[in-house]
Every structure is written in C-alpha cells, then in structure tokens.
Amino acid sequence: MYKIGTLNKISPVGLAHLSDKYTVSDDISEANGILVRSQDMHEMQLPESLLSIARAGAGVNNIPLDKCADAGIVVFNTPGANANAVKELVLGGLFLAARNIPAGIAWAGTLTENVGKAVEKGKSQFAGTEIKGKTLGVVGLGAIGVLVANAAADLGMKVIGYDPYFSVKAAHNLCSCIEVKEDVKDLLPLCDYISIHVPAMDSTKGMFNSELFALMKDGAILLNFSRDKLVNEANLLTALEAGKLGKYVTDFPTDGVLNKENIICLPHLGASTAEAEDNCATMAVEQTMDYIENG
Ligand code: MLT
C-alpha cells in the first residue's frame, strides 16, 4: 500500500482516480506522495518516505523546490488543468476595468430612494470603454497566456504576446493573428491592457517595476492573475498615483493595494471553479501514481 497525504482540500473527483494500492490521509508523516494546493510548505518537515509532491495548480512557489531537489523528491504541477478557469476570470477582469463595474455596483448599492431616476441621473460617471479594437499585451505565453490571448482576439482585441521561453506547443496553439515580440519592451508601449502570465521565481520577482511602467502607454491597465510578487508594489502605487497606469486588476490583494482607488482586487479566484479543481486534482493524482509506480 502507498500512502498519499493531502494538504488543503483536494477534489474527491481527483482522489477517486487513486487505485486500490493507495490510502489517503491528511497526515503526511509517512506519506509517499503529497497532494497540495496553496498551503505554504517552505517550513514543513518532509518525511523520509516522501517520493513526490504534486501541486494541484500551476504555481509551485509554495513548495521548497531546492530542498526537494536535494532530497530527491520530485515536484509536479498541473499545467493547463486550470487554464480555462483562469482565462475566464482574466476576461472578467478586462470587463471589470473597462466598464467600471466595481465602482458602479458599489454606487448602486448606496441608492435609497427614487432608485430608477437616480440611476439614470448618475450613471454617466461610470461610462466605460469597449475592449473591441483595443490592444492587449500578454506577457507569458504558457497554457494560460495562450488561452487569454486567443480569447481576447476572438473578442475583437488586437493581441500582442511575449514569452522568453515561447514553446513549440504554444506557437502551435496560438492564433496566427497574434504577433509575438522578442522583447517585452517592444510590447509595452503598444498596449491599452497588459496581462501578466509568468511564474513567480527569483528571476521574475518585481519584474513589473518603474522601468517597465515608464514604457507603458499613459493610462494603461495592468492585470495580474499570476502572483503578487511579480509586481513591485511601491513602483505600482507611484505609477497609479501619477496616472501612468490607469488601473490595476489583481487576483492577489495585499495590505498595500486593498481599498485603493483604481485598484480592483479579487480574492485569488482564478482557479476556483469546480471544473478546475477536479481537473487539477485528477492530473496531480495520475502523475503521482505514474511516478510512484513507474519512476
Ligand atoms: C495556480 O497557481 O494554479 C493558481 O494560482 C491557482 C491556485 O493557486 O490554486
């Protein structure tokens, strides 16, 4: 019997793929494989019995990769399994920003009488713009970035991509209508919206900083559905205050960005759909069984 330890709630649909050679428990002390979502594992004592950690999601920044490599513990993620869910929320983010939806909803909630008349009188303060015909820059063309780029092109946006590690698979899946730049600095000045889809690593930490903000169009809108650490927060706030950036839409609120003008915060909902949770857990379970049984 192999032992699977779970951290966080792992979808039962995924766990159902474990064969009868496996037992599942939330006690990881003797686990051969761990299934994890976003729990921070950096300070955790890993058991001697551990062969693999599967992250039911894309980002692996909650897993101590160096420590695992030293101990010979293999780490998997589930690339693509939640990509559609994230893509759909990024599209939501574009509309939230373009149409001033959060501010409009908040204002409507304050109305108390003659609501119909008050709405018609006051609505012009929230008039927005359409995304059709606007330019979206997609920085990072992995599983999620490619879906975002294609969907935005389908909605009538002009889309430009950038990825220093642009893969053959991504090139195959990306709509031929999307131009791919070789340098992010060539993409930024052209975009009304910029969506970040790069992993959080030491080399990408704070990559969106004052130098890159300075290259953007005045009033550009930045969407971050990847990780908070990719954006230099102090530089971001300065760029917003100066009007260099028009809005920041993030799925990773921090103390510094919450409840600030022109910042729209979502509570890390990108992959929080029933479908994505099932897909990620299924992929994580299948990879774990394959590795434990076949190496
Ligand atoms: C991911 O890394 O896959 C997403 O941010 C969702 C998550 O962390 O669960």
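A polar contact is taken here as a pair of N or O atoms within 3.5 Å. In the predicted model examined here, an oxygen atom of the ligand lies 2.5 Å from an N or O atom in the side chain of Arg55, which meets that cut-off because the limit is 3.5 Å. The side chain of Arg227 likewise places an N or O atom 2.8 Å from an oxygen atom of the ligand. For His268, a polar side-chain atom is found 2.8 Å from a ligand oxygen atom. In isolation the ligand exposes 260 Å², of which 88% is buried by the protein.

The shell around the ligand consists of Arg55, Gly57, Ala58, Gly59, Asn82, Arg227, His268 and Ala271. By class, this shell comprises two nonpolar, four polar and two charged residues. Arg55, Arg227 and His268 thus appear both among the surrounding residues and in the side-chain distances to ligand oxygen given above for Arg55, Arg227 and His268.

Attention turns next to the fold as a whole. The chain contains 11 helices and 12 strands. Its radius of gyration is 21 Å, close to the 19 Å that the globule rule gives for 295 residues, so the chain is as compact as a globular protein of that length. Along the principal axes, the C-alpha atoms occupy a box of roughly 70 × 50 × 35 Å.

Open and enclosed spaces were also computed. The second largest pocket encloses about 350 Å³ of space. Its lining is made up of 17 residues, and those closest to the pocket centre are Pro102, Ala103, Asn262, Ile263 and Ile264. Helix α4 (101–108) and strand β12 (263–265) each contribute at least two residues to this lining. In terms of residue class, the lining of the second largest pocket has 10 nonpolar, four polar and three charged residues.

As for enclosed space, one cavity of 30 Å³ or more is present in the structure. The volume of the largest cavity is about 60 Å³. The residues lining the largest cavity are Asp228, Val231, Glu233, Leu236, Tyr248, Thr250, Phe252, Thr254 and Val257. Two or more of these lining residues come from each of α10 (233–241) and β11 (245–250). The lining of the largest cavity divides into five nonpolar, two polar and two charged residues, with Asp228 and Glu233 included in the lining.

Key. Residues are numbered from 1 along each chain as its sequence is written. This is a predicted model: local features need pLDDT of at least 70, side-chain atom pairs count only at pLDDT 80 or more; totals for chains, interfaces and linings use all residues. Side-chain values use heavy atoms; hydrogens and water are left out. A residue is near a molecule or strand if one of its heavy atoms lies within 4 Å of it. A polar contact is a pair of N or O atoms within 3.5 Å; within protein, one must be able to donate a hydrogen and the other to accept it, and residues adjacent in sequence count only if both atoms are side-chain atoms. Accessible areas come from the Shrake-Rupley method with a 1.4 Å probe; for residues, only the protein chains shown count as cover. Ala, Val, Leu, Ile, Met, Phe, Trp, Tyr, Cys and Pro count as nonpolar, Asp, Glu, Lys and Arg as charged, and the others, Gly among them, as polar. On a 1 Å grid over the protein atoms alone, a cavity is a set of points where a 1.4 Å probe fits but cannot get out, and a pocket is an open set with protein on both sides within 12 Å along at least five of seven lines; lining residues have an atom within 4 Å of a point. Grid points are joined across faces, edges and corners, and a volume is the space filled by probe spheres set on the points. Helices (H or I, at least four residues) and strands (E, at least two) are DSSP runs, numbered from the N terminus. The radius of gyration is taken over C-alpha atoms; the globule rule is 2.2 Å times the number of residues to the power 0.38.
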